[in-house]
Amino acid sequence: QVQLVESGGGLVQAGDSLTLSCAASGRSFSDYPMGWFRQAPGKERAFVAATRWIGGATYYTDSVKGRFTIFRDDAKNTVSLQMDNLPPEDTAVYYCAASIGGCVGTGCYRPTTYHYWGQGTQVTVSS
């Protein structure tokens, strides 16, 4: 049984940093895309960042470029999201996602690209 478990969420102040981690079990996702999405209250789930494979292309939604960094450790089967200079607008439930297919460019932004999802971790940024 494949599971993705996020950790690292919490309550921080505007301008702070936070690192989310996602541990996968049940199968290896090395050489496959992994990503992060988020859902703010009253909004749809939205793409945040993705990595096609270790050392491969990474993608970010415009609002987080320069502030967020996605990285993975295939030996540990984990993907992480370093988030810096957080504003209140980044408040959301953050979800880890993993694919057993491939993606290129904007294809990596689509939720339908990903086959497995974590349960989400809350990130709250206070002003």
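These legends walk through several close-up views of a predicted model.

**View 1. Strand β3 and its two faces.**
Let us begin with strand β3, which spans residues 18-25. In a regular strand, side chains point alternately to one face of the sheet and the other. On the covered face of β3 you will find L18, L20, C22 and A24. The uncovered face carries T19, S21, A23 and S25. Keep C22 in mind, as it returns in the views below.

**View 2. The strands on either side of the story: β1, β3 and β8.**
Here β3 is shown with two strands that it pairs with, β1 and β8. Strand β1, residues 3-7, runs antiparallel to β3, and five bridges join the two. One place to look is E6, whose bridge partner in β3 is C22. Strand β8, residues 78-83, is also antiparallel to β3, and here the bridges number six. To find your way along this pairing, look for S21, which stands opposite S80 in β8.

**View 3. The disulfide between C22 and C96.**
How many disulfides does the structure have? The count comes to two, and this view shows the one that joins C22 to C96, with the sulfur atoms 2.1 Å apart. This pair links distant parts of the chain, since C22 belongs to strand β3 and C96 to strand β9 (residues 92-98), 74 residues apart. The link is left-handed, with -75° about the S-S bond. Are its two ends buried or exposed? C22 has a relative accessibility of 1%, so it counts as buried. C96 is buried too, because its relative accessible area is 0%.

**View 4. The disulfide between C103 and C108.**
In this view, C103 is joined to C108, with an S to S distance of 2.0 Å. The torsion about the S-S bond is about 100°, so this disulfide is right-handed. Both C103 and C108 are buried. If you number the bonded cysteines of the chain in sequence order, the pairing reads 1-2, 3-4.

**View 5. D90 and its two arginine partners.**
Four salt bridges turn up in a search of the whole structure, and this view is centred on D90. The side chain of R38 meets that of D90 at 2.8 Å, N to O. R38 lies in strand β4 (residues 34-39) while D90 sits in the loop between β8 and β9, so the salt bridge ties together parts that are 52 residues apart in sequence. Which other arginine forms a salt bridge with D90? That partner is R67, and the closest N and O atoms are again 2.8 Å apart. R67 is found in the loop between β6 (58-60) and β7 (68-73), 23 residues from D90 in the loop between β8 and β9. Together, R38, R67 and D90 are linked in a network of salt bridges. R38 counts as buried because its relative accessibility is 12%, and D90 does so with a relative accessible area of 2%. R67 is buried as well.

**View 6. The salt bridge of R72 and D74.**
This smaller scene holds another of the salt bridges, formed by D74 with R72. Their closest N and O atoms are 3.0 Å apart. Both residues, D74 and R72, are buried.

**View 7. Aromatic rings around Y114.**
The structure holds seven aromatic pairs. One of them is F37 with Y114, an edge-to-face pair at 5.4 Å centre to centre, with 75° between the planes. F37 is in strand β4 and Y114 in the loop between β9 and β10 (116-117), so far along the chain that 77 residues separate them. Y114 also forms an edge-to-face pair with W117, at 6.2 Å centre to centre and 70° between the planes. How do these rings compare in accessibility? F37 counts as buried at 0%, and Y114 likewise counts as buried at 5%. W117, at 27%, counts as partly exposed. The wider aromatic cluster consists of F37, F47, Y59, Y109, Y114 and W117.

**View 8. R45 over two rings.**
Our last stop is R45. The charged end of this residue sits over the ring of Y95, 3.7 Å from the ring centre. R45 also lies over the face of W117, at 4.9 Å from the centre of that ring. You have met W117 already, as a member of the aromatic cluster.

Definitions and conventions: Residues numbered from 1 in each chain as written. Predicted model: local features only at pLDDT ≥ 70, side-chain atom pairs only at ≥ 80, totals over all residues. Heavy atoms only, no water. Buried < 20%, exposed > 50% of the residue type's maximum accessible area, 1.4 Å probe, protein only. Helix = DSSP H or I, 4+ residues; strand = E, 2+ residues; numbered from the N terminus. Pairing = 2+ DSSP bridges. Disulfide = S-S within 2.5 Å. Phe/Tyr/Trp six-rings, centres within 6.5 Å; stacked < 30°, edge-to-face > 60°. Lys NZ or Arg CZ within 6 Å of the ring centre and 35° of its normal.
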